[in-house]
Amino acid sequence: KVVFEIQDYGNMVVETYPEEAPETVSRFLELVEMGYYDGMSFDKVIPGFSMETSDKTTLSSGECKEVITGEFAKNGYSNGLSLSRGTLAMCYMPGEYNSATSKFMIILNDDLDIDGLYAGFAKVVDGIGVFDKISKIATDANGSPVSPIVMKKAYIAS
């Protein structure tokens with residue numbers, strides 16, 4: 001399990017599912033242990049769809065050191081984790097299924113028909129109230145939060 005300390009909101013705990021997305025979970029936990037997500041923010045909240053983290057390294061910036069294989073059905077992988085409310089999934093560049101680096105989203109709604117389109121790898125298991133508060137914050141026309149939502153710290157629960 002991974003704990004996210006969200007500034008001004010509280011803690012959110014997620015449980016990972018390595019049996020569904022082994023490469024994704026391994027890389028995610030490596031990034032957590034490195035402190036990669038410490039101080040990072042959620043830079044987009046799309047009502048009814050997802051909230052997304054920012055990304056320090058992207059394929060397009062040329063800064064990406066390691067990409068993650070897209071472990072989802074549309075890319076030929078079996079992944080039984082439903083992309084329902086509270087599920088974490090890796091983001092990738094449009095049409096480039098093996099381009100995920102570190103940016104992830106948390107699905108906001110159960111009623112989406114997106115199973116098999118993203119690599120689900122974890123689920124919020126505690127702190128759903130924190131998740132709910134963040135999902136309802138004010139955003140600008142581009143979905144960027146009006147006030148920053150900062151992950152002060154992310155760490156593996158002991």
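## A walk through the chain

Let's start with one residue: with a relative accessibility of 28%, Thr139 counts as partly exposed. That label belongs to a scale on which buried means under 20% relative accessible area, exposed means over 50%, and partly exposed is what falls in between (1.4 Å probe, protein chains only). Before going on, please note that this is a predicted model, in which local features need pLDDT of at least 70 and side-chain atom pairs count only at pLDDT 80 or more, while totals for chains, interfaces and linings use all residues. Residues are numbered from 1 along each chain as its sequence is written, and side-chain values use heavy atoms, with hydrogens and water left out.

Back to Thr139, which sits in the loop between α2 (128-135) and β8 (149-156). The names of helices and strands come from DSSP runs numbered from the N terminus: helices are H or I runs of at least four residues, and strands are E runs of at least two. If we set aside residues up to four places away in sequence, Thr139 touches Val45, Ser144, Pro145 and Val146; here, contact means heavy atoms within 4.5 Å. Gly95 is 44 residues from Thr139 in sequence, and their C-alpha atoms are 27 Å apart in space.

Now step back to the whole chain. It has two helices and eight strands, and reading along the sequence gives the pattern β-β-α-β-β-β-β-β-α-β. The chain has a radius of gyration of 14 Å, close to the 15 Å that the globule rule gives for 158 residues, so it is as compact as a globular protein of that length. This radius is taken over C-alpha atoms, and the globule rule is 2.2 Å times the number of residues to the power 0.38. Along the principal axes, the C-alpha atoms fill a box of roughly 40 × 35 × 35 Å.

What share of the 158 residues is buried? Buried residues make up 44% of them. Among contacts with a separation of 6 or more, 72% are between residues 24 or more positions apart. On the outside, the chain exposes about 7500 Å², with carbon and sulfur atoms supplying 47% of it; such areas come from the Shrake-Rupley method with a 1.4 Å probe, and for residues only the protein chains shown count as cover.

Next, the aromatic rings. A search of the whole structure finds 13 aromatic pairs. One of them joins Phe72 and Tyr97, edge-to-face, at 5.5 Å centre to centre and with 80° between the planes. Phe72 lies in the loop between β4 (50-53) and β5 (87-90), and Tyr97 in the loop between β5 and β6 (104-107), so this pair ties together parts that are 25 residues apart in sequence. Phe72 is buried at 1% relative accessibility, whereas Tyr97 is partly exposed at 23%.

Why is the pair of Phe104 and Phe121 edge-to-face? The ring centres of Phe104 and Phe121 are 6.5 Å apart and their planes stand at 90°, so the pair earns that name. The rule is that rings of Phe, Tyr and Trp (its six-membered ring) pair if their centres lie within 6.5 Å; planes under 30 degrees apart count as stacked, over 60 as edge-to-face and the rest as tilted. Phe104 belongs to strand β6 and Phe121 to strand β7 (residues 119-126), so the pair ties together parts 17 residues apart in sequence. Phe104 is buried with a relative accessible area of 0%, and Phe121 is buried with a value of 0%. Phe104 and Phe121 also belong to one aromatic cluster with Phe4, Phe28, Tyr36, Tyr37 and Phe42.

From this cluster we can reach some loop residues. Glu19, in the loop between β2 (10-16) and α1 (22-34), is exposed with a relative accessible area of 57%. Although Glu19 and Phe121 are 102 residues apart in sequence, their C-alpha atoms are 8.9 Å apart. Asp55 lies in the loop between β4 and β5 and is partly exposed at 23%. Leaving aside neighbours within four places in sequence, Asp55 is in contact with Tyr36, Thr101, Ser102 and Lys103.

Our last stop is Asp8, in the loop between β1 (2-6) and β2. Is Asp8 buried or exposed? At 73% relative accessibility, Asp8 is exposed. Its phi angle is near 70°, a positive value in a residue other than glycine.
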